Amino acid sequence: MSTVSAYAANSATEPLTKTTIKRREVGPHDVAFDIHFAGICHSDIHTVKGEWGTPNYPVVPGHEIAGVVTEVGSEVTKYKVGDHVGVGCFVDSCRECDNCKAGLEQYCTGTGMIATYNSTERDGTPTFGGYSGATVVDENYVLRIPDSIPLDAAAPLLCAGITTYSPLRHWNAGPGKSVAVIGLGGLGHMAVKLAKAMGAEVTVLSQSLKKMEDGLRLGASHYYATADPDTFKKLRGSFDLILNTVSANLDLGAYLGLLKVDGTLVELGMPEHAMEVPPFPLAGMRRSLSGSMIGGIAETQEMLDFCAEHDALPEIEVIAPDYINEAYERVLASDVRYRFVIDTASLRG
Ligand SMILES: [Zn+2]
Ligand SMILES: [Zn+2]
């Protein structure tokens, strides 16, 4: 075992503080890597604040992890020392159920996916995430980061990137399709870039027009304020696909009304409380309400390669670990353009 520095939350109400954690010995199928950057995802904040149930404290968050391989196990074939690698939201799954076999490990029905933090490894030890200096992960759950993607920009792709890429692919975003993105935050700004790169016509639906210039620069063709009731009249029946990236309760009826016949509204943000679904706007145009959670390992690799090819990279603000608590406050105030990424240099070595 090795000891590495990390930032952890010890309760829902205290700030994260610096501590040390143990990482396991490098097993035959394991890849050990120095973490260079870790993105801050809204899920980290929901988890440490206990908004998705009481977590197992201490929680070391971080599931947007990018780094450089330092050691590989004797049986490892996919990676070697020096490779640029990443880890996303999960580090293992049962590998035997239908979903795992189909590359949908995130929907594992065996053991369930083993999350990168606040979960339990097969051997019963708790998982700790990327707000730390190094980690050890089975090679089958490690992603290759293409050389053309800087490691700091790669980190947010491992959650924000795949969370938006997977539904865009699943619902066939592309030429001739009209896609709306609700919210221009960490997820939303990637959704705009990816949908545009896939060839779809992109509209941003944001509370105000404050970020309009950014939205258009990122690839949106249209930008509307949802605080303006006229938006909902004007855009009625306009979209094939709407991705809701906002982690707050919406007036679903109003948004469903913006879909064309057979259109789909996909929930990506995970608000704490249930939302009401009015049946008429759903049935009236044979619309669908769905949800999507990250993506499988193969699809995550496909997304990384797609982002390299299309230069679709997140806009980031790199911070030091001692700024994490302030960064959380700023995420909650929507005061980040568009993802905080922790430079973990001071947690290494
Ligand atoms: Zn996330
Ligand atoms: Zn499984």
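Colleague: Leaving aside its neighbours within four places in sequence, which residues is N325 in contact with?

Modeller: Contact means heavy atoms within 4.5 Å. By that rule, N325 touches P15 and L16, once neighbours within four places in sequence are set aside. Keep in mind that this is a predicted model, where local features need pLDDT of at least 70, side-chain atom pairs count only at pLDDT 80 or more, and totals for chains, interfaces and linings use all residues. Residues are numbered from 1 along each chain as its sequence is written, chains are lettered from A and ligands numbered from 1 in the order in which they are written, and side-chain values use heavy atoms, with hydrogens and water left out.

Colleague: Where does N325 sit, and is N325 buried or partly exposed?

Modeller: Helices (H or I, at least four residues) and strands (E, at least two) are DSSP runs, numbered from the N terminus. N325 belongs to helix α11, residues 324-332. For accessibility, buried means under 20% relative accessible area, exposed over 50%, and partly exposed in between (1.4 Å probe, protein chains only). N325 has 25% relative accessibility, so it counts as partly exposed. Its C-alpha atom is 9.6 Å from that of E14, although the two residues are 311 apart along the chain.

Colleague: How do I read a metal site, say the zinc ion (ligand 1)?

Modeller: Look for donors: N, O and S atoms within 2.8 Å of the metal (3.2 Å for Na, K and Ca); water is not among the atoms, so sites may look incomplete. For ligand 1, the protein donors are C41 (SG), H63 (NE2) and C159 (SG), at 2.0 to 2.2 Å from the zinc ion. H63 lies in the loop between α1 (42-48) and β4 (65-72), and C159 in the loop between α3 (151-154) and α4 (160-170), so the pair ties together parts that are 96 residues apart in sequence. Both H63 and C159 are buried.

Colleague: What arrangement do the donor atoms make around the zinc ion (ligand 2)?

Modeller: Four donors count as tetrahedral if all angles lie between 85 and 135 degrees. Ideal angles for four tetrahedral donors are 109.5 degrees. Here C94 (SG), C97 (SG), C100 (SG) and C108 (SG) coordinate the zinc ion (ligand 2) at 2.3 to 2.4 Å. The 4 donor atoms subtend angles of 102 to 118°, which makes the arrangement tetrahedral.

Colleague: Are C94 and C108 buried or exposed?

Modeller: C94 counts as buried because its relative accessibility is 13%, and C108 is buried with a relative accessible area of 10%.

Methods
Four donors count as tetrahedral if all angles lie between 85 and 135 degrees; four count as square planar and six as octahedral if opposite donors are over 155 degrees apart and all others between 65 and 115; anything else is irregular.
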